[in-house]
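Thank you all for making the time this morning. I would like to walk you through one structure, piece by piece, so please have the picture in view as I speak.

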Amino acid sequence: MEQGLRSEGNNPPSIDKTRVLDVKPLRCLAPVFPSPNGMSSVSTPQPSPFVCVPPTGPFPPGVAPFYPFVAPNESGRPGESSQQTPSGVPNQGGPFGFAQPISPVPLNSFRTPTTANGNSGRSRRAVDDDDYSNSQDQNDQFASGFSVHVNNVEDSGTGKKRGRPKKPRRAQQAEGSTPLEVDVEPLLTQLLTSFKLVDFDQVKKADGDKELVGRVLLVFDLFRRRMTQIDESRDGSGSGRRPDLKASNMLMTKGVRTNQTKRIGNAPGIEVGDIFFFRMELCLVGLHAPTMAGIDYMSVKLTMDEEPLAVSIVSSGGYDDDGGDGDVLIYTGQGGVQRKDGQVFDQKLERGNLALEKSVHRANEVRVIRGVKDVAYPTGKIYIYDGLYKIQESWAEKNKVGCNVFKYKLLRVPGQPEAFKVWKSIQQWKDGVASRVGVILPDLTSGAESQPVCLVNDVDDEKGPAYFTYIPSLKYSKPFVMPRPSPSCHCVGGCQPGDSNCACIQSNGGFLPYSSLGVLLSYKALIHECGSACSCPPNCRNRMSQGGPKARLEVFKTKNRGWGLRSWDPIRGGGFICEYAGEVIDAGNYSDDNYIFDATRIYAPLEAERDYNDESRKVPFPLVISAKNGGNISRFMNHSCSPLDTFLPCKS
């Protein structure tokens, strides 16, 4: 034993023969590499021509790291290459000349263009983006497969293990069905042309306004929804395709962005309290430029030198941030990681952390975006622009896994509209922790709807609107004869995207009109929903308007517009709100337009949304509905003359 441990030219090491060795069986295979002359394996009693070395090191003398792995440097921090190999030879970055380690990325991952972030290349954390769980119409299976700043993505500081992304299950398409192939490039060009976003003013790209911000977000949402529908028709789910990333990437490639100039303070055209359903929307409108990093900053020349100053941060739960009471935010800096082997690494005062520290001393304003849970998609997030804050102080402390992290205390600038505080108040109302001020009736519907609807007046002493009978659906005074019979489907488990044998899908042009969260994906004037003759269950995706309101709504007294309707929950563009209920009357049998919904009036949509021929423009169901004497919450809505997503759902 002693001779087996002896190396040529060295004295034998001192061995404690009284120790009891705990020998465990080998549980994994390790690669073997040729060892230099005179070198023996530490695991065998006799010299061996081979030595077991893990591909990531540490490497014994004489063995150099090989591409694409590098040995840790003296600091032991992951992601930093050594300046010299263990043998003392300068590190040339491997046989291909890379000076930095390469982070393997799946070949099928979808990358967005790199976004400048001062001099930063690293993101605050790889899990701080919207994942796909923030999407309104897909799953989050491929969240970790998306990478931005490929060589410099830092791990999460939460200490959670991150596994490989699961492959989505490809939905079984019906026998004989053929995946639809649609070229989305002409669709995007048509949208950009219709909304005048083709080669728009360079000044507007640098500094936008409310109208331009609205157009950019609208085109992104329209294009993303259409791509979602197309992707679902191809593989039956679209779970790994990330249409939000594809849409934003294609828009940015064509230069469709605004507020590209980095600035301290509010971004033009974005109001405090605005909400965003996708992280990429923040990038498109210039509220927060990095696609994944939580800290955005810029270099400012002060005196003779330049130094970084923070311009915006996103607090969305990836770190141990403390949201406070809505006016205070305790924000955790970027970096800090716990590896699988248990080693922990501290945060460094560099990049975003340094920018925040400089902003403490310069007292500049920082935009704060709060990420909150999406009530419609519990694993997702919604982003709320909470206005401007100033960093009051900073300090360092150990987090739960033992890393030294930087903490920053931000105070909200007074005099701004409430944003995050309203969100917190609504959560307290829902949880029963606090009561809603001015409630007249806790449920105006008396249980007729799936969600209670408060009747609220915090303006004056009026006790409610003029009397009416609450009815949740249409009331026919005489039988209504359908112009033509509608086909019914035989989808016992519910209509599935891409099923060419589904009669209801064929009635909708080969696509399911709704996403899995009930967002309208079609731009047709008429949507065919499943009816009583269909075999699908009540929770079928193609019965969206039949389940009642999905959002928590309230009828409230306005200051100068009578009674109105508003929501406690954020409502996506294209999201279903409620059916327009009332009494069906004869066309022309009304003297005024109050509480009237006339389906015989049709407005031509924008050219880019046109998805019908001249024949289909004829109204198949010329209903006129009066909600004056009896109706539901829809009678309190203010109707636009040409709403973007107005459609007439038809039950087959």
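**A hairpin, a sheet, two helices and a cavity**

Let me begin with the hairpin of E17 and E18, where five residues lie between the strands and where Gly-562 takes a positive phi near 75°. Please keep in mind throughout that this is a predicted model. The two strands of that hairpin, E17 at residues 553–557 and E18 at residues 563–567, run antiparallel and are joined by five bridges. One of the pairs is Lys-557 with Trp-563, the latter being the bridge partner in E18.

From the hairpin I move to a sheet, an open one of four strands, whose order is E15-E19-E21-E20 and whose pairing is mixed. Strand E15 (475–476) and strand E20 (596–598) stand at its edges, and because each has a single partner strand, one side of each is left without a neighbour in the sheet. The partnership of E20 with strand E21, residues 624–626, is antiparallel and runs over three bridges, and within E21 it is Val-624 that stands opposite Asp-598.

Now to the helices, starting with H1, which covers residues 184–194 and whose buried residues are Val-184, Leu-187, Leu-188, Leu-191 and Leu-192. Looking down the axis of H1, we find these buried residues within an arc of 130°, so they line one face of the helix. As general background, an α-helix has 3.6 residues a turn, so residues three or four places apart point the same way. Just after H1 comes Lys-196, which takes a positive phi of about 55°.

The other helix I want to show is H7, residues 420–431, whose twelve residues, at 1.5 Å a residue, should span 16 Å, and whose end C-alpha atoms are 17 Å apart, which agrees. Which residues of H7 are buried? They are Phe-420, Trp-423 and Ile-426, and, seen down the axis of H7, they fall within an arc of 120°, so they too line one face of their helix.

Finally, a word about empty space inside the model. A search of the whole structure for cavities of 30 Å³ or more finds one, and the largest cavity holds about 30 Å³ of space. Its lining is made up of Gln-229, Glu-232, Ser-233, Pro-497, Gly-498, Gly-510, Phe-511 and Leu-512, and, sorted by class, that lining has three nonpolar, four polar and one charged residues.

Definitions and conventions
Residues are numbered from 1 along each chain as its sequence is written. This is a predicted model: local features need pLDDT of at least 70, side-chain atom pairs count only at pLDDT 80 or more; totals for chains, interfaces and linings use all residues. Side-chain values use heavy atoms; hydrogens and water are left out. On a 1 Å grid over the protein atoms alone, a cavity is a set of points where a 1.4 Å probe fits but cannot get out, and a pocket is an open set with protein on both sides within 12 Å along at least five of seven lines; lining residues have an atom within 4 Å of a point. Grid points are joined across faces, edges and corners, and a volume is the space filled by probe spheres set on the points. Ala, Val, Leu, Ile, Met, Phe, Trp, Tyr, Cys and Pro count as nonpolar, Asp, Glu, Lys and Arg as charged, and the others, Gly among them, as polar. Two strands pair if DSSP finds at least two bridges between them. Buried means under 20% relative accessible area, exposed over 50%, partly exposed in between (1.4 Å probe, protein chains only). The arc is that of the directions from the helix axis to the C-beta atoms. The expected span of a helix is 1.5 Å times one less than its number of residues.
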